[in-house]
Amino acid sequence: MISGFANSEIDTPALMGEIKRKKSMKQKVEHLAEQCRRFLKEEQILVDRERMSHFCYDATEMRFMPDIVLLPVSTEQVSMIMKLANAGEIPVTPQGGRTGLSGGALPVNGGILISFLRMNRILEIDEKNMQVRVEPGVVSADLQDALKSLDLFFPPDPSSTVESTLGGNVAENAGYTRAVKYGVTRDYVLGLEAVLPDGTIINVGGKTVKNVTGYDLVALLTGSEGTLAVVTGITLKVLPKPGFRRTCVFYLDDLVAAADLVVSIFASGIIPCAIEFMDSTSIGCVADYLSAADLRRDAAAMVLVEVDGYCAPAVDEEVARVLAAARSSVGVMEPRLAETDEEAERLWRIRRETLPALKSLGKEHLEADVVVPRYQLPMLARSIQEIGRGKKVGIATYGHAGDGNLHVTIQYRKGNFAEVEEAHSLLGEVYDSAIRMGGKLTGEHGVGLTAKNYMDRQMSKAEIGLMKRIKWAFDPKGILNPGKIFPDEERKGPA
Ligand SMILES: Cc1cc2nc3c(=O)[nH]c(=O)nc-3n(C[C@H](O)[C@H](O)[C@H](O)COP(=O)(O)OP(=O)(O)OC[C@H]3O[C@@H](n4cnc5c(N)ncnc54)[C@H](O)[C@@H]3O)c2cc1C
């Protein structure tokens, strides 16, 4: 991207600087490609724009072209690439399935893009220890399929399961609908093999369930958005698959009624595995997208609740408690239990397709992934509705009510500058509103590119400075996934 335009006049020094930087990067990358040919096959090195264009975007729909794409098949190859990149001070961006919603896998400064598509082997399913060892490019759904026949499951399964990779899920500490009961990705990562920016291979954690030896580097790397180390091997805990699952659906006549419903369900003495929320805009949009005429467009919100377990009578008892809690809550229009597995699956498909349905409207959009204390979520949804009232841009909210994690989609027309400005201003108001309620900028999608310039609204200078010092301890040359997490003006060096 060429920056530096002021008052419609070209900022010549900035433009010249950019051209010089690109020229020197081109030379560095040509030299690097030569050296890579010593240990990578030709098919693992992409330099032509047409083939590289497949890797230049993710689910944010932003585009940044790398200078070279490398497709390693082993940890040693990743280590050699990192040694070369470190010596040449060339930026490196790790990439998995490109489903990220915060732009973390985009090579904003060009340079090397390492795609893990070819490191996609399930290395071991250790049934005795209930663990698996995988390469980072394994697609989430492929791991689920491999575990199914063994009656095992890996709970963290994001809605992007058919495309997202375990490396991406670990890097983002991904959440998913069942996190209410089972926790997030970090709760399942026991060990990581990773390559540091200087090429050193480390193995942190391992197969033990407990480990308090020194700082918890596994937890630090999980959720570090590919900015501290490149993950090349993952050891995960898996669980026996619950044999019984039931889904209830509730329509609400008021957004805030969802708060009481969630509280009543927890007060009934059970922990459901999922409590999901969709506002009326999301309901209407999915109803059109999936031609689901039975969805109630007159409702202010829809809540899906799933309970699961290993024993049918216990699950039935939990369902009875959920329905009783709903009947005693104000504003619940129609408490209902899905009669069949097919009906339950259809309801979950409706929830999973919310984002694709909103995107299908063909507008430009901004996404927020705010998280607040659980009880506040419906209040946040209402506050966002207020923020959007009378505005030209559209706002839809949906998400994980059981975790207080609300996804906000702000839609505006491409090229309409008034709407672009309004959308960005609304995004700022959404973040401020969540922070006022004790919330955070992002619950599961990560800071990446999209939330980095809002970091100082939530975090103090001291906290951002501490994070920068951690980044510098791992990556003193700042080559690994630069341009992410830290606000633009904070990028230059440790505080
Ligand atoms: C339809 C849809 C539904 C979604 N549902 C959910 C959901 O339910 N829950 C949720 O949390 N998210 C969800 N997401 C967001 C996204 O799927 C997750 O963030 C996912 O974990 C990203 O995985 P990925 O393989 O696509 O990673 P990418 O998008 O390729 O990369 C994401 C980040 O991981 C880093 N990375 C990738 N591989 C490595 C590696 N080997 N080592 C170090 N860093 C690495 C990248 O640099 C980047 O910062 C959804 C997205 C879509 C489009």
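**Close-up 1. Strands β10 and β11 pair in the antiparallel sense in this predicted model.** Here we look at β10, residues 189-195, alongside β11, residues 201-205. Five bridges link the two strands. To find your bearings, start from E193, whose bridge partner in β11 is N203. Five residues lie between the strands of this hairpin. Among the hairpin's residues is G199, which takes a positive phi near 100 degrees.

**Close-up 2. Helix α8 and the elements that its buried residues pack against.** Helix α8 covers residues 257-267. Its buried residues are A257, A258 and A259, followed along the helix by L261, V262 and I265. Three strands receive these buried residues: β14 (244-252), β15 (274-279) and β16 (301-309). They also pack against the helices α10 (312-327) and α13. After α8 comes G269, with a positive phi near 90 degrees.

**Close-up 3. Helices α13 and α14 cross at roughly 150 degrees.** We now turn to α13, residues 377-388, and α14, residues 417-436, whose axes come within 10 Å. Because angles over 145 degrees count as roughly antiparallel, this crossing makes α13 roughly antiparallel to α14. The crossing is right-handed. From α13, the contact is made by L380, S383, I384 and I387. Their counterparts on α14 are L426, E429, V430, S433 and A434. Sorted by class, the contact has six nonpolar residues, two polar residues and one charged residue. A helpful reminder for reading such a helix face: an α-helix has 3.6 residues a turn, so residues three or four places apart point the same way.

How values were computed:
Residues numbered from 1 in each chain as written. Predicted model: local features only at pLDDT ≥ 70, side-chain atom pairs only at ≥ 80, totals over all residues. Heavy atoms only, no water. Axes fitted to C-alpha atoms, helices over the stretch in contact; angles between N-to-C directions. Helix = DSSP H or I, 4+ residues; strand = E, 2+ residues; numbered from the N terminus. Parallel < 35°, antiparallel > 145°, perpendicular 65-115°, else oblique. Left-handed = near helix turned anticlockwise from the far one by under 90°. Contact = heavy atoms within 4.5 Å. Nonpolar A, V, L, I, M, F, W, Y, C, P; charged D, E, K, R; others polar. Pairing = 2+ DSSP bridges. Buried < 20%, exposed > 50% of the residue type's maximum accessible area, 1.4 Å probe, protein only.
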